[in-house]
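Reader: Please show me the chain and its model. I will ask about the fold one point at a time.

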Amino acid sequence: MSLKTLVISASMAALALSWVSLPAAANGTSLFASESNAKSVCGDGQVVWAVIDTGKYYRPGTPGYEWGKGERKGAYTCEKHAQARGFHLAKTVS
C-alpha cells in the first residue's frame with residue numbers, strides 16, 4: 001500500500017468516525033451501514049447514499065446509489081443530514 005493511499009484511507013476513516021462519534025442531535029448528521037437503520041431515524045425524510053470522499057449524495061433509484069458500498073466509500077444517511085454537512089445532490093444521467 002502506498003503512503004498516499006494510506007493517508008487518504010486514514011483521512012476518510014477519521015471523517016467517518018467524527019460523524020459517528022457525536023449524537024445526531026449534536027452535529028445534525030448520522031451515518032448508517034444499513035438502509036433500514038437510516039430509515040428508522042429519517043422517518044418521513046428521504047434516505048440517501050452519501051459518498052464521503054466526493055461530498056455528493058445520491059437518491060434511491062439513481063445511478064450511484066450505494067456506489068462503493070463494499071469499499072466503505074459511503075454510508076446511508078437522511079437527505080437533510082447530508083445537506084447539513086454540506087453534501088450536494090449528485091447530478092446523474094438517466
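Reader: How many of the residues of β1 are buried?
Author: This is a predicted model, in which local features need pLDDT of at least 70, side-chain atom pairs count only at pLDDT 80 or more, and totals for chains, interfaces and linings use all residues. Residues are numbered from 1 along each chain as its sequence is written, and side-chain values use heavy atoms, with hydrogens and water left out. Buried means under 20% relative accessible area, exposed over 50%, and partly exposed in between (1.4 Å probe, protein chains only). Strand β1 is mostly covered, and its buried residues number five of five.

Reader: Which residues of β1 point one way, and which the other?
Author: Helices (H or I, at least four residues) and strands (E, at least two) are DSSP runs, numbered from the N terminus. Strand β1 covers residues 47–51. Its residues, all buried, divide into Val47, Trp49 and Val51 on one side, and Val48 and Ala50 on the other.

Reader: Which element gives the largest share of the largest nonpolar core?
Author: A nonpolar core is a set of buried Ala, Val, Leu, Ile, Met, Phe, Trp, Tyr and Cys residues joined through side-chain atoms within 4.5 Å. The largest one has eleven residues, among them Phe32, Trp49, Tyr65 and Ala90. Two or more of its residues come from each of α3, β1 and β3. The largest share, three residues, belongs to β1.

Reader: Which residues does the second core include?
Author: In soluble globular proteins, nonpolar side chains tend to be buried together. Here a second core of five residues is separate from the largest one, and it includes Val48, Ala50, Ala82 and Phe87.

Reader: In what order do the strands lie in the sheet?
Author: Two strands pair if DSSP finds at least two bridges between them. β1 and β3 are antiparallel, with five bridges, while β1 and β2 (residues 56–58) are antiparallel with three. β3 and β4 (88–89) each have a single partner strand, so one side of each is left without a neighbour in the sheet. The sheet is open, its pairing is mixed, and its four strands follow the order β3-β1-β2-β4.

Reader: Which residue in the turn between β1 and β2 has a positive phi?
Author: Across this pairing, Ala50 stands opposite Tyr57 and Val51 opposite Lys56. The two strands form a hairpin with four residues between them, and the turn residue with a positive phi, about 75 degrees, is Gly55.

Reader: What is the relative accessible area of Val51, and is it buried or exposed?
Author: Contact means heavy atoms within 4.5 Å. Leaving out residues up to four places away in sequence, Val51 touches Lys56, Tyr58, Trp67, Lys73, Gly74 and Phe87. Gly74 is also its bridge partner in β3. Val51 is buried, with a relative accessible area of 1%.

Reader: At what angle does α3 run to β3?
Author: Axes are lines fitted to C-alpha atoms, for helices over the stretch in contact, and angles run from 0 to 180 degrees between N-to-C directions. Helix α3 lies across β1 and β3. Contacts of Val47 in β1 include Glu35, Ala38, Lys39 and Cys42. The angle of α3 to β3 is about 25 degrees.

Reader: Why is the disulfide of Cys42 and Cys78 left-handed?
Author: A disulfide is a pair of cysteine sulfur atoms within 2.5 Å, and Cys42 and Cys78 have an S to S distance of 1.9 Å. The pair links distant parts of the chain, 36 residues apart, with Cys42 in helix α3 (residues 35–42) and Cys78 in strand β3 (residues 74–78). Both cysteines are buried. The disulfide is left-handed because the torsion about its S-S bond is about -105 degrees.

Reader: Over which residues is the pLDDT below 50?
Author: pLDDT is the predictor's confidence in each residue, from 0 to 100. The chain averages 75, and 64% of the residues score at least 70. Where pLDDT is low, the predicted coordinates should not be read in detail. The stretch below 50, which has 14 contacts in the model beyond near neighbours in sequence, is residues 17–28.

Reader: What pattern does the chain follow along the sequence?
Author: The chain has four helices and four strands. Of its 94 residues, 31% count as buried. Read along the sequence, the pattern is α-α-α-β-β-β-α-β.
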